[in-house]
Amino acid sequence: TGLLVVFADDHNTSHNPPGISNTAGTGKKKVIVLGTGWGGMSFLKNLDSTLYDVRVVSPRNYFVFTPLLPSVTSGSVEARSIVEPIRRIIRSKGKHVQFHEAECIKIDAAKKVVICKDVSKVRPKGKEEFALQYDYLVVAVGATTNTFGTKGVREYCHFLKEVYDAEKIKESIQNCFESASLPHLNKEDRQKLLSFVVVGGGPTGVEFAAELHDLIYDDLLNLYPHLHNDVKITLVQSGDHILNTYDERISKYAEQKFTREGIHVKTGCRVLGVQDGAIDFKIKSSGQLVNLPYGMIVWSTGIGTRPVVSDFMNQIGQSDRRVLATDEWLRIKNCHGTFGIGDCASIEQRRIVEDVSYLFKLADKSNSGSLTIEEFVEVMEQVRQRYPQIDIYMERQHMRGVLGLLADAVKDGNRGSMQLDIENFKQAISKVDSQMKSMPATAQVAAQQGEYLAHCFNHMAAEVHDNIAPEGPMRIRGKGRHRFQPFQYRHLGQFAPLGGEKAAYELPGDWVSIGRSTQWLWYSVYASKQVSWRTRTLVVFDWTKKMFFGRDSSR
Ligand code: FAD
Ligand code: MG
Ligand code: MG
Ligand code: MG
Ligand code: MG
């Protein structure tokens, strides 16, 4: 293209093939960060920006605290309380970090250039696009909502992803109640307008349904008492249970609570299409077709790929995927100098079994061709450090530990003897491999990845400039990519707010808490996680206001 390439050369990058290796550059490396969500924000906050020339590109100049988005739909929290201007976040970083409000429309991996577009309405004609050059690129653009190609979803459904989505939903609920109050409507019209449908029984769909229920029954029906018998909330889920990534106790509790409160939970349903004012779905078990009229519908199922990411994946031979594949150091595969964090990327975990002979040799200190249980336990500790996915497996499966499982597996195949040969060892390892899950698309993962990557960047630059091994939380071992520990996810548990001042919380290690006190825990955790004292104050103020005066349901 004939685009002006800015942010270009104070040193010639082509002589300095980038990558994570030491390249003794003369000037600072140029880092471009795409996205100002959980991943991008966390990277920026933790980066020592004096070491790099940093440009941040995002079509929105603020960070959104997404866990509180469902609360915005009901007016429990104001929209402006959960956003933090990105310029405020980077202000302390001085001139080393610059922000450009624009959308990246193309990543040119061969030229190491990103092409960006001014998406504002005031942009000068003929100057919509510009290009930026990078040495390192951090892709943190998040994901879109997946419609699975279902007809009518884009036209008629609300999504719940951005602040303006939440505000539109809030307004739409208002519209339904006002319309339903008009004098010329009959009962059928009213019931249609006040039929609220949520598609997707994951954490976001469930939390939204709970917020909607509380808004209607705690607040709106006091203002519209004549509509009491016409309201209906339906939650449509394709799986057999709602919250099916949570502990069974939470999932059951949520289903029972919703059913008791009159939320219609329809599990095991396949949505066939959405029309203006009605949704068609099929109950999988009976094959029965249902046509359900709605006044408002929210679609919240799974994550999809942004076009700029799909195009990038095509360039680098990752075309058959939904998200970018990275290695355990978050480096995008087949593309030097680029990193992927958060919802737009996932770590392609190497199967442990590929290293089985190496591990076996490592464990077999006596060189006897078989392992004692002690040797086995010892090597598994190293495996745990080298293959971080094992820890997730342990948390997800609520197991005492992988060690227990493996010891069992070994006993089964090798009863009577306390030794295991390489075949037993391989068997045990493949059992772990087969259970491996990828990391969830959550703020928790994105934020930890951003922080981890920033620490790697801080170390990389310090090594280049000072030629010393820096101090800090990152353990450095050996050379090349093995200098850094691979990214290790620390699962801190997950909340599921269920409405009525009740929440569920699940901690790693088979620990579950449900109820009113858990809701208070939720309040305090989410207040403490705010990115600034400004938003923290606003959020706590909103909650206090809600407790005294109810939700602010006005438009
Ligand atoms: P995002 O935070 O989505 O950020 C993406 C950024 O990239 C945005 O700034 C966007 O404007 C920008 N961008 C988009 N396109 C481009 C482009 N072409 N060029 C440049 N920039 C671009 N997770 C939890 O752990 N706990 C929760 O309670 C929780 N609740 C949630 C509730 C809701 C309603 C939603 C929608 C999500 C929730 N999540 C929660 C998930 C969490 O928000 C995501 O996993 C997280 O935001 C992922 O971070 P990210 O940086 O990858 O993407
Ligand atoms: Mg981001
Ligand atoms: Mg975000
Ligand atoms: Mg996202
Ligand atoms: Mg991811």
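Author: Contact, or touching, means heavy atoms within 4.5 Å. The model is predicted: local features need pLDDT of at least 70, side-chain atom pairs count only at pLDDT 80 or more, and totals for chains, interfaces and linings use all residues, while side-chain values use heavy atoms, leaving out hydrogens and water. Residues count from 1 along each chain as its sequence is written; chains are lettered from A and ligands numbered from 1 in the order in which they are written.

Reader: Let's start with T518. Which residues does T518 touch, leaving out those up to four places away in sequence?

Author: T518 sits in helix α16, which covers residues 516-528. Helices (H or I, at least four residues) and strands (E, at least two) are DSSP runs, numbered from the N terminus. Leaving out residues up to four places away in sequence, T518 is in contact with F495, A503, A504, Y505 and S513.

Reader: And is T518 buried or exposed?

Author: Buried means under 20% relative accessible area, exposed over 50%, and partly exposed in between (1.4 Å probe, protein chains only). The relative accessibility of T518 is 2%. So T518 counts as buried.

Reader: Zooming out, what percentage of the protein's residues count as buried?

Author: The protein holds 17 helices and 27 strands. Take contacts between residues at least 6 apart in sequence: 64% of them join residues at least 24 apart. As for burial, the chain has 555 residues, and the share that counts as buried is 54%.

Reader: Now the five-stranded sheet. Which are its edge strands?

Author: Two strands pair if DSSP finds at least two bridges between them. The sheet is open, with parallel pairing, and its order is β6-β3-β2-β10-β21. Two strands pair on one side only, and these edge strands are β6 (97-101) and β21 (338-340).

Reader: By how many degrees are neighbouring strands of that sheet turned against each other on average?

Author: The pairing in this sheet is parallel. Ignoring direction, the average turn between neighbours is 15 degrees.

Reader: Which residue stands opposite V56?

Author: Strand β3 takes in residues 53-58 and runs parallel to β6, with five bridges joining the two. Across from V56, in β6, you'll find F99.

Reader: What packs on this sheet, and what angle does its direction make with that of β2?

Author: Helix α1 (residues 38-46) packs there, touching β2 (30-34), β3, β6 and β10 (136-139). Angles run from 0 to 180 degrees between N-to-C directions, and axes are lines fitted to C-alpha atoms, for helices over the stretch in contact. The direction of α1 against that of β2 comes out at about 145 degrees.

Reader: What about α5 and α7: how are they oriented to each other?

Author: The axes of helix α5 (residues 163-180) and helix α7 (residues 203-223) come within 13 Å and cross at roughly 45 degrees. On the α5 side the contact uses I169, I173, Q174 and F177, and on the α7 side F208, L212, L215, I216, L220 and L221. Angles under 35 degrees count as roughly parallel, over 145 as roughly antiparallel, 65 to 115 as roughly perpendicular and the rest as oblique. α5 and α7 are therefore oblique.

Reader: On to the three-stranded sheet. Which residue stands opposite Q275?

Author: This sheet is open and antiparallel, in the order β15-β16-β17. Its edge strands are β15 (269-275) and β17 (289-293). β15 is joined to strand β16 (residues 278-283) by six bridges, and facing Q275, in β16, is A278.

Reader: Which residue in the hairpin turn has a positive phi?

Author: β16 and β17 run antiparallel with five bridges between them, and I279 is set opposite L292 in β17. They form a hairpin with five residues between them, and the turn residue with a positive phi, about 75 degrees, is G287.

Reader: Which residues of β17 make up its covered face?

Author: In a regular strand, side chains alternate between the two faces of the sheet. The uncovered face of β17 has L289, N291 and P293, and the covered one has V290 and L292.

Reader: Last one: how far apart in space are Q318 and I332?

Author: Q318 is in the loop between α9 (307-315) and β20 (324-326), and it counts as buried because its relative accessibility is 3%. Residues touched by Q318 include M313, V323 and I332. Q318 and I332 are 14 residues apart in sequence, and their C-alpha to C-alpha distance is 10.0 Å.
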